[in-house]
Amino acid sequence: MQSATHVHKKTWSRQLLLLVVLLFFFLILDLSVGSVSIPISAIFDDLLGNDIKGSWHQILINFRLPKTITATLVGMGLGVTGMHMQTFFRNPLAGPFVLGISSGASLGVALLIMAGTAFGFAQSAGLTALAAAIGASAVMILVVITAIRLRDNMSLLIVGLMFGSATGAIVSILQFFSQAESIQSYLSWTFGSLGTVTWDKMLVFFPIVSIGLIGSIALLKPLNMLLLGENYAISMGINIKRTRLLIIVVASLLAGTITAFCGPIAFIGVALPHLTRMIFNTSDHRYLFPLLLLLGAIVMLICDLIAQLPGSEHTLPINAVTAILGAPVVIWIIISRGNLKRFF
Amino acid sequence: MVKIVLHTENLAIGYRAKKEDKTLIKDINISLKAGELVCLLGQNGVGKSSLLRTLLNLQPSISGKVFLLDRELSKYSSLEVAKQVSLVLTDPIQTGNLTVTELVALGRSPYTAWTGQLSTQDWDKVGWAIDSTKINYFQDKRLYELSDGQLQKALIARAIAQEGELIILDEPTAHLDMNNRVEIMRLLKELTQTTGKAILVATHELQLTLQLADQLWLTNFNQPLIAGAPEDLALSGKLEETYYHEGFEFDIKTGRAELPTKGQIPIQLTGKGDWYYWTANALRRSGFHLDQKAELKISQTKDNSWEVESATDIKMAKTIDELVALVRG
């Protein structure tokens, strides 16, 4: 039996290694592709400290590198939040978006951008993140309070959607009373963008997302216990209050921050955990987590590559790319693998 | 002296509410000994699950005390309880992709560090739990591939791996077919003997519990809980009281519910043994009642067929189906 686990571990390590190689490949590719194409050899030269064309160096350091790091963190963070939500609620449809966390973040940002300008608040990266995180946690706490009272996933999901609609309505009202520039700046935020995180914003973005990801490691054992449902988890001695709180905090940090900086990126949070479970055929979160981190980063980098529309001057909103690319892939996997619930 | 795993003092259970507490069962004075199989019987809604939840510290009691080993249950942390008591619940398992071994290994959670990494000793316990429930032959299968009976055994193995002194099961044989019911109940009995654990089962398997249980706990609406050996409870008539139901009688010995014969048509039946028993059964459900003076007569032939004699003629039937069609005419 231990030997079976041993074999399992061996294939797992191999899969992990493969993903690391793929991640490295797409990282480099993402640095190279854009409206200005930079040869891969030049990227390596720059990394090694050799001189390359000045404009290339500028583009690499000031635009491509922060954008690539952002894509990596977004993929990791949203995937992990989705995994937390799906296991916590024992619901395959759960994700930061479905349960209204992202809507909460949107409301926070909308309040800041539109109401904030009216009162003359200065806009800053830190403030946007804070507003989004507060909005996300507020909705998440409401959802959890309802979760305790309802104890029924279906109702909870509907309640989550209601929260989403309600916050959406408030945002509409705000837009109605706002000036064109604030509406424009809010709308462009909702399209989603990986390029908004410049180095000074990265100083906020990177640490918060990292803290969320590192905090998730402490949740892996409780999440495994929760696979059997809350009652079994309690009977195995889980500290349910602490776990619940930690999940809320981590989800709000990750989904809130990412939504704040990059906009409400759809699909990734729900789809990535399923994708990982199906491809690697495991439900054990200790194995799932590293695979999900790597796969999340890779998928997000691929989405970014497509969004760049290589060879053209334009970039697509990342939010559209994740959904257009992701939905068919997920549908195809579900159909080819039969039943999603088997892998859940 | 046998170790007492769990006992209660004047326990009353029910639901706490703001206005008025709703007591379901009161005056509960019970004790559970190591190595015993105890079955908790009672109708739906009487408070069996509430009692189990209270014994597990998951639901507050109305009054009275519960002791786990020699310490009051309320003084335990949830982790300490987890190391003494494990559960098999009726909650559906929504995870299909775990292997049976992984499921059983989860039972070691109270003992592993924050990473959830199992030590060699932990794996030994997992192996022991799988061996003692005899589920080795499907230990590498995934949960979605299991039959209901196999899943139940795997869940019992998980509870065993969690060690502790007591395993509590809530209706482990619901949804199972006859063979699996017997197998599960027999397995539980065996486990009390091989592992020395106390096992408490809430169940509706009256017949099996009468054969296997060391103790029965009977619950009735608005009555104190009665504990005792199954035979004592049968002799004193307490068992019959628990299973009393208006409209039909319940034969405790056979488990057969004697439904009132609605049949108004008298019919005479002569024959022996199984032939007589099953023929009578068929006639009763088809709207007849047995009357030795009736004009319509059915008798057993030498080759165990049916001879139907009415005032006008004699007919033969080869099967019960034919017989019923014939007499209904």
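In this predicted model, six strands of chain B come together as an open sheet. Reading across the sheet, the order is β7-β8-β9-β4-β10-β11, and the pairing is mixed. The two edges are taken by β7 (85-88) and β11 (226-228) of chain B; each has a single partner strand, so one side of each is left without a neighbour in the sheet. From one strand to the next, the twist averages 15 degrees.

It is worth pausing at the β7 edge. Here β7(B) is joined by four bridges to strand β8 (residues 166-170) of chain B, and the two strands run parallel. A handy place to see this pairing is B:Ser86, which stands opposite B:Ile167 in β8(B).

Helices accompany the sheet as well. Helix α1 (residues 48-55) of chain B packs on the sheet and touches β4 (37-41), β8 and β9 (198-202) of chain B. The direction of helix α1 makes about 155 degrees with that of β8(B). Helix α5 (residues 148-161) of chain B, in turn, lies across β7 and β8 of chain B, and runs at about 170 degrees to β7(B). Strand β8(B) is thus touched by α1 and crossed by α5.

Chain B also meets a partner: 29 of its residues are in contact with 28 residues of chain A. On the side of chain B that touches chain A, the elements giving two or more residues are α2 (78-84), β7, α3 (100-106) and α4 (120-132) of chain B. The edge strand β7(B) therefore appears again here, among the elements that face chain A. By class, this side of chain B has 13 nonpolar, 13 polar and three charged residues.

Notes:
Residues numbered from 1 in each chain as written. Chains lettered and ligands numbered in written order. Predicted model: local features only at pLDDT ≥ 70, side-chain atom pairs only at ≥ 80, totals over all residues. Pairing = 2+ DSSP bridges. Axes fitted to C-alpha atoms, helices over the stretch in contact; angles between N-to-C directions. Contact = placed C-beta atoms within 7 Å. Nonpolar A, V, L, I, M, F, W, Y, C, P; charged D, E, K, R; others polar.
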